Amino acid sequence: MKYTSFFIANIFFLNIYSQKNYDEIIESIDIQSMQYKEIAQKIWGWAEVGFKENKSSTLLQEMLSKEGFKIEKGVADIPTAFIATYGSGKPVIAVLGEY
């Protein structure tokens, strides 16, 4: 019974902590949503063809760099491909974005 109570208490506190982080993340996204919309509209308006999306790639790299990401350019010998890395350790989260 002692272990069950301890387990339930931990889940309760983890849930509160997770919810707080979730709310902070959603608020941060909401605050920056106009900027994200403008970036998306620029990329849509440029309508660059595959492997020649120079303006779009540069815009995304600049935005991510300003947010503190480390940028590795020209990945896989593709001039417009890049990797943006933030932080270290675990968990490792990866997102593949394509136009």
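## Exercises on a predicted model

The protein chain exposes about 8,800 Å², and carbon and sulfur atoms supply 62% of it (Shrake-Rupley method with a 1.4 Å probe; for residues, only the protein chains shown count as cover). This is a predicted model in which local features need pLDDT of at least 70 and side-chain atom pairs count only at pLDDT 80 or more, while totals for chains, interfaces and linings use all residues. Residues are numbered from 1 along each chain as its sequence is written, and side-chain values use heavy atoms, leaving out hydrogens and water.

**Exercise 1.** Determine which pattern the protein chain follows along the sequence.

*Solution.* The chain contains two helices and two strands (DSSP runs: helices H or I, at least four residues; strands E, at least two; numbered from the N terminus). Read along the sequence, the pattern is α-α-β-β.

**Exercise 2.** Establish whether Gln61 is buried or exposed, and identify its contacts beyond four places in sequence.

*Solution.* Gln61 lies in helix α2 (residues 54-66). Its relative accessible area is 9%, so Gln61 is buried (buried, under 20%; exposed, over 50%; partly exposed in between; 1.4 Å probe, protein chains only). Leaving aside neighbours within four places in sequence, Gln61 is in contact with Ile71, Lys73, Thr80 and Phe82 (contact: heavy atoms within 4.5 Å). Of the 99 residues in the chain, 10% count as buried.

**Exercise 3.** Locate Tyr36 and classify its accessibility.

*Solution.* Tyr36 belongs to helix α1 (residues 2-46). With a relative accessible area of 35%, Tyr36 is partly exposed.
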